[in-house]
Amino acid sequence: MTKFTVAICGGGVGGLACAVALSQYPDIRIDVYEAASKFLKSVVQALGWTGSSQRLPSSPLIIIQVGKANCFISTRGTTAPTYVIELSFNFRKGDQSEGYTFHQLYTPAILLRHLSASSRTYTSKRSSHSPIALRFKDGSTATCDVLIGADGVKSATRRRSSTSLRTPRSLRRAAQPRWSGIYAYRTTIPAEALRSRIPNHTVLREPMAYLGKDTQVTAYPLLHGKIINVAAFRTRYDSEGAPMKEPWVVDTTKDELAADFAGWEPEVQAMFQCTSKLSRWAIHTTERLPTFVSGRVALVGDSAHAAVPFQGAGAGQAIEDAYLLATLLGHPKTTLSTLTRALRIYDAVRRPYAQDVAKTSRECGMLFTLNYPGLSSQDIANGQAADKLRVIAETIRKKWSWAWDTTLDGDIQRAVRELEAS
Ligand SMILES: Cc1cc2nc3c(=O)[nH]c(=O)nc-3n(C[C@H](O)[C@H](O)[C@H](O)COP(=O)(O)OP(=O)(O)OC[C@H]3O[C@@H](n4cnc5c(N)ncnc54)[C@H](O)[C@@H]3O)c2cc1C
């Protein structure tokens with residue numbers, strides 16, 4: 001017998017993780033509505049995909065399996081992890097004519113679990129709903145007892161739930177996405193093309209994080225080393241929060257990239273030279289929301305806490321939201337009449353943690369772009385920065401350590417205890 005129905009708006013990592021986690025509970029009916037014509041389109045763009053055991057440099061790792069593709073995403077575990085220490089990044093000072101590697105970041109990797117999707121799913125369903133009664137752009141409608149907004153940083157669910165509640169203007173403003181001040185140039189390049197320019201380029205074998213003032217380049221091999229994924233960041237922190245009138249994602253040229261990274265070392269320039277198709281993303285985040293829940297509507301993933309990607313954690317955080325929320329909804333104590341209590345516990349337990357991760361991602365972004373107190377441009381120019389660079393690398397490691405030092409277990413137990421006590 002069905003105890004209630006859950007509609008999930010958005011079929012990215014967060015939405016599908018909710019569907020997978022909820023499908024453990026046969027008494028909950030799940031419908032996933034995705035605006036795009038296929039699932040996980042945004043993840044393919046954002047994270048890269050592999051066909052076998054190739055890894056992204058984010059760790060600890062979780063595997064999402066969709067069809068034949070595996071995706072590796074940084075998250076904490078829900079079970080006791082098996083640790084393997086692996087190289088996450090070579091940190092290299094790159095914004096000068098001759099760069100140098102100053103730190104190797106080794107982190108534990110957790111190979112956690114395979115997830116498979118099993119729920120009713122609909123694509124090409126862009127919702128424009130008021131909560132609970134769903135309306136789609138194609139004219140169709142649906143209803144549900146619980147609505148999960150997993151519709152990303154632009155979330156229609158977040159916007160609608162704040163306006164429909166007649167919340168104060170400040171809260172409605174908080175529901176709008178906010179420019180982080182960061183542009184990311186993104187591309188993939190054939191490893192062969194790079195090899196022909198620099199045969200022993202480190203990125204052909206190992207992940208690299210090149211650090212520079214207000215700029216940063218992350219690059220790592222994919223698909224058994226056949227392709228190199230490159231993300232080059234240009235930060236304008238003084239423009240953080242400024243209105244963004246242009247489209248968030250645009251195609252751009254090598255020349256624009258070269259201008260932003262003028263003076264960088266040859267191994268970075270060589271990667272840029274191999275670029276054929278390049279896009280520029282204006283990275284947006286969500287404000288620190290006062291709640292992830294309103295009535296029977298809950299937000300997960302980027303719709304609740306979109307962050308800058310300097311811990312490779314956004315997708316993993318969406319999965320953690322999904323597991324905690326599903327555990328509460330699937331619990332025998334949660335029925336149609338006690339739903340809102342379960343959602344309130346989700347908000348109370350999950351929100352502080354997810355918002356802290358978003359905050360440390362921003363802090364790591366500042367460090368990756370050498371915005372560090374006491375580190376002056378003059379120190380950098382005079383080559384007097386070695387000690388501070390080491391401190392920066394160590395601080396990044398510490399800020400990232402939540403990912404391997406903690407698990408979701410404690411939060412799940414706390415949430416279940418609260419539910420059972422009620
Ligand atoms: C440049 C960049 C690099 C990144 N690198 C990493 C990384 O290495 N590791 C990592 O973990 N994270 C990374 N992220 C972050 C990661 O992509 C996100 O945190 C993650 O995709 C969030 O998942 P989500 O399901 O919440 O949202 P999304 O992935 O945005 O999915 C939302 C889904 O909802 C759908 N949708 C939107 N509106 C509607 C609607 N009205 N009705 C129905 N469906 C709708 C969308 O089509 C989409 O499929 C990166 C992000 C960026 C921008």
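# Briefing on a predicted model

At 3% relative accessibility, N90 counts as buried, and this residue belongs to strand β5, which spans residues 83-93. The structure described here is a predicted model, with a mean pLDDT of 82 for the protein and 81% of its residues at 70 or more. The points below take up confidence, the surroundings of N90, the strand β1 and its partners, and the salt bridges.

**Confidence in the model**

- Among the elements of the protein, the lowest mean pLDDT, 35, belongs to strand β7 (residues 114-115), whereas the highest, 97, belongs to helix α5 (residues 191-197).
- Over residues 42-83 the pLDDT is below 50, and this stretch nevertheless has 156 contacts in the model beyond near neighbours in sequence.
- The pLDDT is also below 50 over residues 109-118, a stretch that has 41 contacts in the model when near neighbours in sequence are left out.

**The surroundings of N90**

- The side chain of N90 is joined to that of Q104 by a polar contact of 2.6 Å.
- Once neighbours within four places in sequence are set aside, N90 is in contact with T101, H103 and Q104, and also with T202, E206, P207, M208 and A209.
- N90 is classed as buried because its relative accessibility is 3%, and the cut-off for that class is under 20% relative accessible area.

**Strand β1 and its partners**

- Strand β1, covering residues 4-9, is largely enclosed by the rest of the structure, because six of its six residues are buried.
- Both faces of β1 are covered, with F4, V6 and I8 buried on one side and T5, A7 and C9 buried on the other.
- Strands β1 and β2 (residues 28-33) run parallel and are joined by six bridges, and within this pairing the bridge partner of A7 is D31 in β2.
- Between these two strands the chain passes through helix α1 (residues 13-22), and the resulting β-α-β crossover from β1 to β2 is right-handed.
- Strand β1 also pairs in the parallel sense with strand β11 (residues 146-149), over four bridges, and there A7 stands opposite L147 of β11.

**Salt bridges**

- A search of the whole structure finds 21 salt bridges, and one of them is formed by D321 and R350, whose closest N and O atoms are 2.4 Å apart.
- This pair links distant parts of the chain, since D321 lies in helix α9 (residues 314-330) and R350 in helix α10 (residues 339-368), with their positions 29 residues apart in the numbering; D321 and R350 are both buried.
- R351 and D347 meet through their side chains in a salt bridge of 2.7 Å, N to O, and both residues lie in helix α10, four residues apart, which is about one turn of the helix.
- D347 has a relative accessible area of 9% and is therefore buried.
- D411 forms a salt bridge with R414, the closest N and O atoms being 4.0 Å apart; because D411 and R414 are three residues apart in helix α14 (residues 409-421), about one helical turn separates them.
- The two ends of that bridge fall into separate classes of accessibility, for D411 is buried at a relative accessible area of 12%, whereas R414 is partly exposed at 35%.
- Elsewhere, salt bridges that share partners join R178, E240, E287 and R362 into one network.

How values were computed: Residues are numbered from 1 along each chain as its sequence is written. This is a predicted model: local features need pLDDT of at least 70, side-chain atom pairs count only at pLDDT 80 or more; totals for chains, interfaces and linings use all residues. Side-chain values use heavy atoms; hydrogens and water are left out. Buried means under 20% relative accessible area, exposed over 50%, partly exposed in between (1.4 Å probe, protein chains only). pLDDT is the predictor's confidence in each residue, from 0 to 100. Contact means heavy atoms within 4.5 Å. A polar contact is a pair of N or O atoms within 3.5 Å; within protein, one must be able to donate a hydrogen and the other to accept it, and residues adjacent in sequence count only if both atoms are side-chain atoms. Two strands pair if DSSP finds at least two bridges between them. A crossover is right-handed if, with the strands pointing away from the viewer, the path from the first strand over the helix to the second runs clockwise.
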